[in-house]
Amino acid sequence: MGDRHAAAVDEEQAPRRLDEASVVISYAEPVALMLENLIDATAKHLALHPCLQQEQHHLLPLFESRWEAPVSLTAYVRRLFKYSGCTRGTVVAMLALFDRIIERNPTFIISQRSIHRVLLATTVLALKFWEDFFYANAFLARVGGIPAAELKVLEVSTLALLHFELYLSPETYLQFDEALSQATHCLVRRKAAQALTAMNIPLEKIALHKEPIFCTACDADGNYANDDDGADDRNQQLFAWFPSSGAYLSRITVSSCS
């Protein structure tokens with residue numbers, strides 16, 4: 001009887017869950033854009049300061065893979081959001097935890113080799129702290145593409161990086177909720193610019209310049225018009241999305257190259 005009742009409840013909630021899942025999956029591209037911005041900025045610091053490679057956080061090897069993942073970051077984020085049971089609240093909390101990691105660990109280098117495990121671990125912690133119900137580690141590990149035992153190690157290691165602080169103040173939550181909205185808006189503008197260009201419609205005839213400053217330096221391909229003029233806008237985006245990134249990029253240079 002109980003099983004039949006539970007099945008009936010699940011059937012009633014299925015449409016709502018599918019709707020929620022489709023919405024959350026739509027956040028995959030904006031989140032990947034935010035994280036790729038951070039990775040690119042960090043990579044440029046590494047290129048300018050080779051001595052950064054000489055000092056790294058003692059937990060970093062646990063998160064780094066031997067090679068860059070064969071799947072794109074966007075595809076990985078989409079898979080994670082699709083199957084893990086994330087809500088928008090979970091996504092926002094994950095972004096806030098990500099920012100907290102770079103704030104407190106200047107020698108923890110975010111790269112293409114470490115981003116997937118950091119993303120998985122912060123998402124799992126956000127799920128467990130934020131949501132009333134969540135999947136078992138065995139299932140979440142399969143979603144993330146690693147053994148369950150490794151996920152347990154990553155969870156504990158991530159908690160150490162966060163100093164075991166998962167609570168988000170209402171102000172912090174709203175800050176990263178707005179950052180997610182800004183990244184979504186940026187992505188929409190990029191795609192709109194691409195569509196207009198494909199239709200041979202001059203972009204100057206469209207009042208895109210009246211929108212917020214995010215992505216004003218982007219060309220029709222979603223890239224910056226030129227590296228020199230686009231650098232400030234790119235950094236402005238990054239600092240708006242991850243407030244700790246400015247200090248993080250400065251501190252990894254100071255701590256490792258002094």
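Guide: Welcome! Accessible areas come from the Shrake-Rupley method with a 1.4 Å probe. With that in hand, let's look at this predicted model.

Visitor: Happy to. What does the accessible surface of the protein chain come to, and what share belongs to carbon and sulfur atoms?

Guide: The accessible surface of the protein chain is about 13500 Å². Carbon and sulfur atoms hold 56% of that area.

Visitor: And how many of the residues are buried?

Guide: Buried means under 20% relative accessible area. By that cut-off, 45% of the 258 residues in the protein chain are buried.

Visitor: Let me turn to the fold. How many helices and strands does the protein chain have?

Guide: There are eleven helices and zero strands. If you walk along the sequence, the pattern reads α-α-α-α-α-α-α-α-α-α-α.

Visitor: How do I read contacts along the sequence?

Guide: Start with pairs whose heavy atoms lie within 4.5 Å, and then ask how far apart the partners sit in sequence. Here, among contacts between residues at least 6 apart, 81% join residues at least 24 apart.

Visitor: Now the inside. How does one look for holes?

Guide: The general idea is that rolling a probe the size of a water molecule over the atoms shows where empty space is left. In this structure there are two cavities of 30 Å³ or more, and the largest has a volume of about 40 Å³.

Visitor: Which residues line the largest cavity?

Guide: Its lining is made of A93, L97, A126, F129, W130, L166 and L168. The elements giving two or more residues to this lining are α5 (88–104) and α6 (115–130). Of the elements, α6 gives the most, with three residues.

Visitor: How many residues of the lining are nonpolar, polar or charged?

Guide: Seven are nonpolar, while no polar and no charged residues take part.

Visitor: One last feature: the backbone angle phi. Where should I look?

Guide: Try the loop between α8 (148–161) and α9 (170–198), where H163 lies. Phi of H163 is near 60°, a positive value in a residue other than glycine. F164 belongs to the loop between α8 and α9 too, and its phi is likewise near 60°, again positive in a non-glycine residue.

Visitor: Why does H163 count as partly exposed, and is F164 buried or exposed?

Guide: H163 counts as partly exposed because its relative accessibility is 49%, and exposed means over 50%. F164 has a relative accessible area of 58%, so F164 is exposed.

Key:
Residues are numbered from 1 along each chain as its sequence is written. This is a predicted model: local features need pLDDT of at least 70, side-chain atom pairs count only at pLDDT 80 or more; totals for chains, interfaces and linings use all residues. Side-chain values use heavy atoms; hydrogens and water are left out. Helices (H or I, at least four residues) and strands (E, at least two) are DSSP runs, numbered from the N terminus. Buried means under 20% relative accessible area, exposed over 50%, partly exposed in between (1.4 Å probe, protein chains only). On a 1 Å grid over the protein atoms alone, a cavity is a set of points where a 1.4 Å probe fits but cannot get out, and a pocket is an open set with protein on both sides within 12 Å along at least five of seven lines; lining residues have an atom within 4 Å of a point. Grid points are joined across faces, edges and corners, and a volume is the space filled by probe spheres set on the points. Ala, Val, Leu, Ile, Met, Phe, Trp, Tyr, Cys and Pro count as nonpolar, Asp, Glu, Lys and Arg as charged, and the others, Gly among them, as polar.
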